[in-house]
Amino acid sequence: MNKRRLLKVAVASAVPAAMLWTAQTMAVDVAISGFIREEAAYRIGQEPNPSLRGSAYAKGPQTNTVRGNPVSEATYAAFTGQDVTNPASWVLPPAQFQKEDFNNDERWNLMATRAEVDFNLKFNENWTGFVKVRGYYTADIIDEYGKPNNFKTNMTGLNGDCGNRLEVCDRNYMIDLPAAYLDYNNGPLWVRVGNQQIAWGEALFFRVADVANGLDLRRHSFLDYASEEYADERTPSPAIRMSYNLTQQWEVETFLQMFQPTIHPRSGSPYAFINSPYQIRDDIGFDDYEDFVNGGIRFNGQFDQLGLQFFMVSRHNPDPVYRWGAGGQTALDPAFGMINGQVFSEQVFRASGLPGSPVPEGGGTYGSADWMGGAALGGLDGVEALNVLGRDFPFIGGFLTNIAGVSAMLDPSGQGMLPNADIANGIWATNVQEALPVFDMFFSILGDLDADIISSYPAENVFGAGGNYIFYAEPDTLLDQLVVRFEATYTPDRKWTNNVARDPLTQNEWITALAFEKYHRFSQNYPATFFSLQWMHKTASDFVGRPLSTIGGTVTKRATGKPKGWLGDGWDGFSFAFQQPTPDLKWRYDFSVLYDIFGGYLIQPAVRYKPSAAWTVETYATWMYAKNTESVFAPIEWTDEVGMRVGYQF
Amino acid sequence: MHIKKYDFDYSRRFFLEKTTKGLMGAGVLTSLWPLIGNTGEIGKAYPEELQSLEAYTKGKVKEGDVITADNVEHVKDLLDPVAYLQVTQMGRRIKVVPQTKDVTKLHPHDFLEATLKNQGQAVLDANGNVAVKDTGKAWIGGLPFLNPQSGLEALANLTLTGSHHDQFLYAARDWDLSAQGEVEYAYELAVCEKNAVGLVSSPDGAYLQGHEDKLKYSSVWFVTPNDVKGTSFLNIWKYDQREFPDLFGYLPAFKRVRRFPSNQRFEPLVPGITVFLSDFWAAGDPMLTWGNHKIVGRQPMLGTQSDAWWGDKPNWEPPVHGGPKGNTFWDTSMELLPEVLVIEAEPTGFPRAPVGKKRVWLDVRNMVYVAYNTFDRKGELWKSFEAGWSQQAKGDKANLDSKGRPDWGPMHVHSYDVQSGRMSRLYLAEQLSNGMKAEYNGPPDAYDKYLTLQAIRRLGT
């Protein structure tokens with residue numbers, strides 16, 4: 001660990017260390033509790049995760065569009081140093097790429113043991129503390145190219161190789177402190193210092209005002225028990241949080257928090273949703289942001305039936321914006337020489353299986369169909385992504401320009417493979433028909449490819465407001481104690497992944513949520529049923545943050561975006577949930593639905609059984625459907641599963 | 001004192017006559033509360049048969065005895081039906097202790113003073129809320145109705161002054177047992193309540209400034225076990241008893257405070273427990289959300305009004321006995337209560353409530369409930385929520401209030417579901433496992449510390 005990282009970890013560890021020291025040196029009331037839980041999920045869907053094993057999206061023979069087109073075949077011959085004047089002598093690439101199928105049809109998505117131990121500390125009437133230690137071990141239930149890495153992130157942590165500052169991990173376990181803070185309370189003042197989660201807003205599952213923390217999706221993605229919302233996922237971070245009750249009605253709350261980004265499932269882990277040939281380099285990305293501090297302020301007011309909040313957060317968005325990184329594969333530098341002032345290793349791609357590539361041969365993206373399909377699942381425009389590569393990496397730009405020029409020369413019509421290129425403006429391919437042979441040219445020359453994508457976390461200001469109102473009416477009527485909640489945020493110049501370009505996509509975004517909640521008793525014999533109906537609207541991106549302008553592609557169609565659904569401009573989603581406990585609360589039946597207006601849904605029925613103080617058993621099934629790649633569920637549609645958790649608490 | 005001119009059944013006939021004629025003053029030989037005001041004693045208000053169980057049962061059961069299945073028939077009419085069932089069928093034993101005649105041992109000092117000072121000043125306004133006669137303002141402290149003229153007035157005593165303190169911080173420990181006597185669930189929870197009106201110990205007067213439209217602030221938060229730890233709720237009660245409280249909750253899964261409806265009050269708070277929100281103080285709901293309040297009886301009774309504090313035991317935990325595994329009941333002492341009011345009411349504001357009726361027995365000496373039964377919609381007996389009250393003094397041990405006097409309050413509860421056989425037994429401990437100590441009329445910053453949205457967000461973990 002270098003000195004700089006050591007200093008940061010020391011700062012982050014200061015609060016737990018101080019608590020430990022204090023607990024040892026003075027009289028402190030310490031209460032310890034915790035639980036251990038087995039968690040398992042079994043896939044019941046037919047398809048495995050397409051983001052595993054070298055893009056299982058495409059497998060078996062894939063058409064090589066270089067073949068069958070005299071111009072592209074001639075261009076291939078030219079680029080491979082063959083005699084372009086003698087087609088009979090050409091050694092052409094195979095007419096089909098053979099995409100290896102590494103799928104082992106493993107059925108277990110999750111097989112994990114979780115242990116959490118809580119320490120509640122009371123120093124005196126003003127000072128208290130809380131530390132939660134979380135340990136999570138996952139069995140090796142899949143085997144991609146060797147044992148999978150589930151947790152190592154190389155961002156931060158006590159050894160510098162994990163995702164959170166107060167974390168130690170290896171590829172199949174992580175131990176962290178999701179909470180380690182001191183509370184100071186004196187009259188209307190409350191200060192919380194230490195590693196903590198901060199959740200604002202009242203909408204459930206729809207994150208509108210919940211902007212302080214990102215999500216750590218390395219364990220069970222966000223697919224665990226829906227009614228627990230993001231309690232396990234929300235990433236903690238060292239922070240100072242202060243609240244002051246200004247009046248009986250109004251409270252002001254503010255926080256300063258060390259920047260902690262969202263952590264996506266690792267490539268090659270069961271719930272990965274980024275195509276496995278593309279390595280998430282949030283270790284590189286985080287280095288540029290780990291010294292930043294996010295801050296926010298909000299005012300909460302409560303006036304009988306009406307609750308209000310107004311807030312502003314200045315932050316680096318924890319949800320990453322991805323761009324391509326240089327591949328760094330020097331083994332092929334001599335073969336390609338200098339193009340446009342760059343060598344091969346300075347551009348994006350690596351030839352999988354060759355020295356310098358972490359992916360074995362056959363594990364990379366192979367063929368234009370594979371490329372386009374993977375891009376579509378990721379919410380990217382596969383065609384524009386080609387132009388991005390050309391613009392951001394002179395080596396590739398030069399290569400594309402060469403393809404355009406050479407193919408035009410070899411084309412009797414003079415048009416070549418990229419007849420509409422506007423090279424001065426960084427546009428080479430303008431449609432999928434032009435792009436496919438170019439991609440296949442790459443794959444024909446280099447074989448299957450892999451690459452790095454680097455995260456960045458642009459700054460933004462989020463302005464928001466929200467309210468809740470409780471209706472009163474005649475007992476037993478629909479409106480009686482109906483709770484209505486509304487939240488809205490506006491973020492000017494928000495940034496998103498722009499087909500993995502260096503320059504992100506920028507757009508203003510409104511996010512709103514309207515929620516109705518009610519407890520209604522249907523009979524005298526059963527407790528009230530809880531109902532929740534929510535509507536979320538986003539103007540520029542979908543539920544998972546994919547920009548609307550780059551979704552909707554297919555293998556044969558570039559993404560043209562989906563700016564509106566049947567409700568109008570923007571993305572809309574609806575959630576509906578109910579919970580029905582039995583009279584003694586030993587059993588609880590849950591049902592949750594998330595409907596994506598672009599054509600998809602998630603359904604999760606669940607049962608919770610608590611036979612005693614010590615034991616809890618929870619089981620649930622999750623089904624997803626995506627009509628096409630416009631749906632937020634497209635990348636994870638494969639995740640039909642049955643889950644079970646058996647916990648013992650002490 | 002022996003008052004021989006009254007035969008044995010005099011008091012029985014007297015109570016029957018008072019009930020049927022609607023005569024509502026407490027006391028048999030003389031009016032109780034003027035006597036209390038003058039002497040602090042109750043003895044002269046009741047004949048001998050109402051001052052000792054030995055006299056009442058003609059020596060069959062006497063103070064110092066233990067009521068068991070063998071002798072319970074002699075006191076059957078002095079127990080509520082559930083307590084009788086528990087003694088006859090479940091092995092419950094009840095120790096008989098002498099009647100508390102010193103009324104200062106039945107109230108906190110400040111509350112008794114306010115009760116005497118403010119007697120006669122309470123009326124029900126046009127809406128049914130308690131108001132100060134002549135001014136129409138919110139109640140100013142102590143028991144508002146010493147001689148209730150209606151069931152509503154009787155229950156107003158509970159609703160407005162349940163704890164007889166301006167504020168409290170309870171450290172409650174709960175065990176929930178199956179019909180087979182197995183402890184299936186156990187919880188620790190803290191409860192803090194602060195009155196906004198009717199203050200009796202505040203140097204600033206009867207009202208919490210700026211909160212006069214509220215009745216009280218009440219929060220509860222769970223300390224153990226792990227899966228409910230940090231769950232906390234804040235109830236803000238309006239003074240207008242036609243309105244439901246505002247309810248806010250912090251659930252650990254959500255990591256934030258959210259507003260909740262407050263009209264579902266007939267459900268367990270956590271798995272296994274038999275206690276409903278509606279049960280607290282035998283008047284857990286705004287009193288005007290119930291209807292058909294009526295006084296249905298007046299009688300002597302056995303109830304726990306002393307000897308319920310176990311300050312000589314670690315963390316004040318009472319011993320247990322009875323039931324299939326010998327652990328279903330707290331060791332309990334009861335005394336002969338000379339006069340209780342029997343009140344009934346129906347949850348008219350809750351059309352689908354599983355409860356059809358509640359019956360509450362109020363000791364006229366301090367207007368606390370000594371027994372409380374609910375009945376289901378078919379009229380079948382459902383639950384009992386029996387509280388034990390006591391001064392916090394035992395031998396040379398005492399828990400003193402800020403003025404050096406033994407404090408007073410509820411000490412334990414038996415919440416028993418007759419239909420399922422499940423028992424929840426709770427007691428108020430000295431402190432919880434997280435170090436939180438019980439406290440009356442403190443801490444001074446209880447409002448900020450426990451009774452705001454900020455507070456329950458901080459208490460949640």
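Q: In this predicted model, what makes A:Phe442 part of a helix, and which one is it?
A: A:Phe442 has its place in helix H8 of chain A, which covers residues 432-446. A run of helix needs at least four residues to count.

Q: Why is A:Phe442 called buried?
A: Happily, this comes down to a count. A residue is buried if 20 or more other C-beta atoms lie within 10 Å of its own. A:Phe442 has 23 other C-beta atoms within 10 Å, so A:Phe442 is buried.

Q: How far apart are A:Phe442 and A:Gln248, in sequence and in space?
A: They are 194 residues apart in sequence, and 67 Å apart in space from C-alpha to C-alpha.

Q: How do you know what the radius of gyration of chain A agrees with?
A: Set the value against the globule rule. With 650 residues, a compact globule would have a radius of gyration near 26 Å, and chain A has 27 Å, which agrees. Along its principal axes, the C-alpha trace of chain A spans about 90 × 60 × 45 Å.

Q: What else helps to picture chain A, in helices, strands and buried residues?
A: Chain A has eight helices and 27 strands. Of its 650 residues, 52% count as buried. Among contacts with a separation of 6 or more in chain A, 66% join residues 24 or more positions apart.

Q: What makes helix H6 of chain B mostly covered?
A: The same cut-off of 20 or more other C-beta atoms within 10 Å decides what is buried. In H6 of chain B, residues 151-161, eleven of eleven residues are buried, including B:Gly151, B:Leu155 and B:Thr161.

Terms used. Residues are numbered from 1 along each chain as its sequence is written. Chains are lettered from A and ligands numbered from 1 in the order in which they are written. This is a predicted model: local features need pLDDT of at least 70, side-chain atom pairs count only at pLDDT 80 or more; totals for chains, interfaces and linings use all residues. A residue is buried if 20 or more other C-beta atoms lie within 10 Å of its own, exposed if 12 or fewer, and partly exposed in between; C-beta atoms are placed from the backbone. Helices (H or I, at least four residues) and strands (E, at least two) are DSSP runs, numbered from the N terminus. The radius of gyration is taken over C-alpha atoms; the globule rule is 2.2 Å times the number of residues to the power 0.38. Two residues are in contact if their C-beta atoms, placed from the backbone, lie within 7 Å.
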